[in-house]
Amino acid sequence: MRRTLTMAAAVATLLVPAGPLPAAEAVGGAAPVAVGRWSAREAQSFWTAERMASAAPLPPVPPDRAEPAPSERPEPPEPAEPAEPVEPVDQAEEIPVATPPPAATGLPLPSSPPAATPAPTPAPAPTPATTAAPTPTRAPAPPLPAPLPAPARVAVPPLPALTPGVGKNFDGIPVAGRMFLVKNGGAYFCTASVVSSPGRNLVLSAGHCLLGSDTQQVAFVPQYTQAKPQPYGMFPVLRDAGGHSKIWIDPRYRSQGVDRAAALDVAFAQVGPDARGFPVEAVVGGNRLVTGAAYAQARVMLIGHPSSAARPRVCVNRTTKFTSADARIPGSFLRINCTGYPGGTSGGPFVTRYDARTGTGDVVGVIGGWKTGGDKADTSYSSYFGADIRKLYEKAVAGAKAGR
C-alpha cells in the first residue's frame, strides 16, 4: 500500500496502535470561500479544530494520471540529470558536510527564528574531503527583509530518547506540521515543513499531496497536535488571480504521473502571513534546502503525521540509496527504515544536521517518490534532491516574489 490510501482500503487493511484511519469529512456543504479571498482568518474559520481532527490521508493518485498544470504554461521536456553522485565508501560513518564554494554560501541557521535575521557570516575555508561524497548545494542566503515587530520566540521542545530506526510519537517541532486541504469534497492532510527562502514564505511537501486543480482551501499548521491544533497559528497557501493555489510541482510529474515521474515527487507552496501579519519563517524558523548531497547519510531525522495519531512521529536512522528495479517506477531514491510511518506522513522532511536549539536543520528529502513514499509503513523513501529540485525551488522563490 502507498502512503496515500483510499479510505475503504485503509479501514479494511491498515490499523495502527492508535486506532483505525479516520473517515474524510464531507465539506461540500461548507460555505464557499470567494476566489482570491483566502487569508489566515478565512483559513482559521474554515479549518476548525473539529474539521482538522476529522481530516484523513489523501486517496491514491492513479499511476498514469496526466494533469496539465492549471496555472502554468507548458514547458518543454528537460534533459535528464547528470550522472548520480558517487557514494561514500563507508556508509556507516558520519558523512561530513562539505563547505560550499563562496558563490554558493549556505543559508545560515537562525539562532532565534522569530527574531530579525542576522547578517550572513562568511563561509569557512574548505577542508580536505575525507570521503567521496559530493558537495551539497544549499539555498543562497536570502537578502535581509524589512524589519518587522518580532513575534514571541518559539519554544523548541526537546526530542525524546531515540533508538535508531524506531519511531516515537512526540509533541513535534515548530518547523514541521500538517498541510490541510480539500479535494473531491473531502478534508485531507499530508505532512509539510518550512524551507528557508528570501520571502520567508515557502513550505515543502510531496508533489502527490498537492496535485489536482480541485485542491483548494490549503493551509499549513506548524506543530499540529489534536491537543493543541494551532500552537503557532495557521498559514494559508495563497491563490493566484485565477483562484488556483500557489503550488509549484515539476510539470513532468503532473503529465507523466506519480510512478513514471516518481523521482520528481516534490512540491513547494507559498503561504501567506498568519492572522497577526507575520510570515511563517519569522514565526517558526525554516530548514535549509540542500541539493546534491549523498544518498547515504549517517544520521537523518524523519518527521511525519501518522493517519490516526493525535501527535506527530519522529525517528532517526541512516539513509541508503535505493534504485528501483521496476521499469514503471524508474529512478534512484533515498531510503530510510523507521517504524510507524503509514498514510498521512507523506511530505514529512528528511532532516540532517538538526540543531536542537533552533529546531531547524538541512532538509535533504521528503517522504514520497517510490510508490509515493513506499508500500510498507516501516520503510520510507524520498525523491533525490538534485538539479531538478533546485530548479523547482528557484522557480518557487521567483514566483513567490513576483506574486507579492
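Strand 14 (297-304) is a good place to start: 6 of its 8 residues are buried, so this strand is largely enclosed by the rest of the structure. Buried here stands for under 20% relative accessible area, exposed for over 50%, and partly exposed for values in between, with a 1.4 Å probe and protein chains only. Strands (E, at least two residues) and helices (H or I, at least four) are DSSP runs, numbered from the N terminus. The model is a predicted one, in which local features need pLDDT of at least 70 and side-chain atom pairs count only at pLDDT 80 or more, while totals for chains, interfaces and linings use all residues. Residues are numbered from 1 along each chain as its sequence is written, and side-chain values use heavy atoms, with hydrogens and water left out.

Strand 14 has pairing partners in strands 15 and 17, where pairing calls for at least two bridges found by DSSP between two strands. With strand 15 it runs antiparallel, joined by 6 bridges, and Gln297 stands opposite Thr319 of that strand. Strand 17 (residues 349-355) is also antiparallel to strand 14, through 2 bridges; here Met301 has Val351 as its bridge partner.

The loop that follows strand 14 brings in the salt bridges. Such a bridge places a side-chain nitrogen of Lys or Arg within 4 Å of a carboxyl oxygen of Asp or Glu, and the structure holds 10 of them. In one, Arg311 pairs with Asp171, with 3.0 Å between the closest N and O atoms. Arg311 lies in the loop between strand 14 and strand 15 (313-323), and Asp171 in the loop between strand 5 (168-169) and strand 6 (176-183), so the pair ties together parts that are 140 residues apart in sequence. Arg311 is partly exposed at 34% relative accessible area, and Asp171 is partly exposed at 44%.

Strand 6 also takes part in a salt bridge, between Lys183 and Asp214 (3.9 Å, N to O). Because Lys183 is in strand 6 and Asp214 in the loop between helix 4 (207-210) and strand 9 (216-222), this pair links parts that are 31 residues apart in sequence. Lys183 is buried, with 8% relative accessibility, whereas Asp214 is partly exposed at 31%. In a further salt bridge, the closest N and O atoms of Asp274 and Arg276 are 3.1 Å apart; Asp274 is buried at 7% and Arg276 exposed at 51%. Shared partners also join Asp250, Arg252 and Asp388 into one salt-bridge network.

Asp388 leads on to helix 7 (residues 387-402), whose 16 residues reach 23 Å from first C-alpha to last, close to the expected 22 Å; the expected span is 1.5 Å times one less than the number of residues. Asp388 is among the buried residues of this helix, which also include Ile389, Arg390, Leu392, Tyr393, Ala396, Val397 and Ala400.

Turning to nonpolar packing, a core is a set of buried Ala, Val, Leu, Ile, Met, Phe, Trp, Tyr and Cys residues joined through side-chain atoms within 4.5 Å. The largest has 41 residues, with Met179, Leu210 and Phe220 making the most contacts inside it. Strand 7 (residues 186-195) supplies the largest share of this core, 4 residues. Met179 touches, among others, Tyr188, Phe189, Leu210, Phe220 and Ala269 (heavy atoms within 4.5 Å), leaving aside residues up to four places away in sequence. A second, separate core of 16 residues includes Phe268 together with Leu392, Tyr393 and Val397.
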